[in-house]
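Here's an informal walk through one protein model, going from single residues to helix packing and back. Have a look at the fold before reading on.

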Amino acid sequence: MTSRDVEYDNLIEGANKDIGFFERYLTVWVALCIAAGIAIGQFVPFVPDVLGELTYAEVNLPIAVLIWVMIFPMMLQVDFKSVVGVKNEPRGLTITLVANWLIKPFSMFAIAWLFFNVVFEPYITPELRGEYLAGAVLLGAAPCTAMVFVWSYLTRGDAAYTLVQVAINDLIMLFAFAPIVMFLLGLGDIFVPWETVLLSVVLYVVIPLVAGYATRTALINKKGKAWFDEQFLPKFGPVTMIGLLATLVLLFSFQGEVILDNPLHIVLIAIPLILQTFFIFALAYGWAKAWKVRHCIAAPAALIGSSNFFELAVAAAIVLFGIHSGAALVTVVGVLVEVPLMLALVRIANGTKSYFPQ
């Protein structure tokens with residue numbers, strides 16, 4: 001076992017002592033938070049109304065703060081000496097990049113087209129079918145940026161490797177998002193909300209990374225690495241879960257009215273999105289298994305492609321089709337199903353860890 005494995009084991013062991021109650025009943029907490037969020041949206045609507053106004057470039061700032069709370073514990077673990085070692089394990093990056101950019105957008109288009117135009121054809125008007133397909137493509141063309149750190153943390157992923165995977169994906173997204181969407185939708189002029197992309201990278205990668213590095217360096221210099229690993233890091237065990245549950249309450253308070261007003265179409269839209277998520281995860285995770293990639297790299301590699309950059313998808317859908325369009329509704333449903341789905345995939349990844357090299 002390497003020193004890094006020991007570091008993770010110490011962290012998780014300490015964290016489990018504190019968050020065992022949360023983890024043991026996580027499904028219950030998620031359900032309660034979803035219900036609480038919808039109830040807040042219905043009975044005290046001024047709360048989501050006020051918080052929803054705190055938005056810049058389609059990025060909601062209260063949610064950004066909660067995401068910082070979720071990902072800061074993982075940023076504390078990033079050792080920049082380990083980033084250099086990523087080049088020695090290129091297979092994880094290869095899997096992530098191929099799954100995200102050569103497969104995911106096209107499989108999303110194919111699955112969404114099949115369900116919206118064939119399977120659910122009697123229930124969806126022709127106009128809405130096109131808009132639903134567009135919303136699905138916008139989701140499929142943008143891999144996740146911020147929440148990946150949470151999923152990686154929950155699967156004991158390699159923090160430094162995950163950081164490199166996210167950074168390279170974001171760089172590619174700046175150039176590939178618009179051409180992919182234009183090609184799949186046959187649109188001639190796609191507006192890319194660059195402010196949303198750049199602001200998200202700064203908020204969800206740069207700021208927490210700098211804060212985590214500064215905190216780690218200062219505390220190790222002052223207290224020593226043993227104290228940092230054995231006493232300081234375990235205290236952040238519950239923080240990620242608390243941030244995740246608070247984010248759920250806020251997200252669902254924003255979208256409660258949409259859910260209650262469109263129950264049938266929420267289900268019709270959610271089905272292909274769920275199938276796409278499981279398909280990409282199975283593909284990337286199975287590929288990593290065949291290539292004998294270490295689990296701490298394989299799990300984040302599969303989870304990055306499975307989740308979506310929903311801020312970018314929502315912003316692009318609103319700009320292209322309008323806030324009340326079918327495309328915008330699909331991207332909202334993408335937000336709604338993402339967290340429960342990703343928690344299920346995290347559970348699968350943790351339950352199959354023994355099949356991978358450690």
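Is threonine 331 buried or exposed? Threonine 331 is buried, at a relative accessible area of 0%; here buried means under 20% relative accessible area, exposed over 50%, and partly exposed in between, with a 1.4 Å probe and protein chains only. You'll find threonine 331 in helix H16, residues 326-351. Skipping neighbours within four places in sequence, threonine 331 is in contact with Gly135, Leu139, Ala313, Val314 and Ala317, where contact means heavy atoms within 4.5 Å.

A quick word on where this comes from: it's a predicted model, in which local features need pLDDT of at least 70 and side-chain atom pairs count only at pLDDT 80 or more, while totals for chains, interfaces and linings use all residues. Residues are numbered from 1 along each chain as its sequence is written, and side-chain values use heavy atoms, with hydrogens and water left out.

Now the overall picture. The protein has 16 helices and two strands, taken as DSSP runs (H or I, at least four residues, for helices; E, at least two, for strands) and numbered from the N terminus. Of the 358 residues in the protein, 54% are buried. Among contacts with a separation of 6 or more, 86% are between residues 24 or more positions apart. The accessible surface adds up to about 15,200 Å², with 69% of that belonging to carbon and sulfur atoms; the areas come from the Shrake-Rupley method with a 1.4 Å probe, and for residues only the protein chains shown count as cover.

Next, helix packing around H6. Axes are lines fitted to C-alpha atoms, for helices over the stretch in contact, and angles run from 0 to 180 degrees between N-to-C directions.

| Helix pair | Angle | Axes |
|---|---|---|
| H6 (residues 90-119) and H13 (residues 263-290) | about 150 degrees | 9 Å apart |
| H6 and H7 (residues 126-140) | roughly 155 degrees | within 9 Å |

The angle with H7 makes H6 roughly antiparallel to H7, since angles over 145 degrees count that way (under 35 is roughly parallel, 65 to 115 roughly perpendicular, and the rest oblique). The crossing of H6 and H7 is right-handed, which is to say that the near helix is turned clockwise from the far one by less than a right angle (anticlockwise would be left-handed). On the H6 side the contact includes Met108, Phe109, Trp113 and Phe116, and on the H7 side it includes Tyr132, Leu133 and Leu139. So Leu139 turns up twice, as it is also among the residues that threonine 331 contacts. By class, the H6 contact with H7 has 11 nonpolar, two polar and two charged residues; Ala, Val, Leu, Ile, Met, Phe, Trp, Tyr, Cys and Pro count as nonpolar, Asp, Glu, Lys and Arg as charged, and the others, Gly among them, as polar.

H6 and H13 also have a right-handed crossing, and their contact has 21 nonpolar, three polar and one charged residues.

Then there are the loops. Arginine 156 has a positive phi of about 60 degrees although it isn't a glycine, and it sits in the loop between H8 (148-154) and H9 (159-185). At 25% relative accessibility, arginine 156 is partly exposed. Lysine 292 has a positive phi too, near 60 degrees, in the loop between H13 and H14 (295-306); at 63% relative accessibility, lysine 292 is exposed.

Finally, histidine 295 in H14 is buried, at 1%. Histidine 295 touches residues including Thr155, Tyr285 and Phe356.
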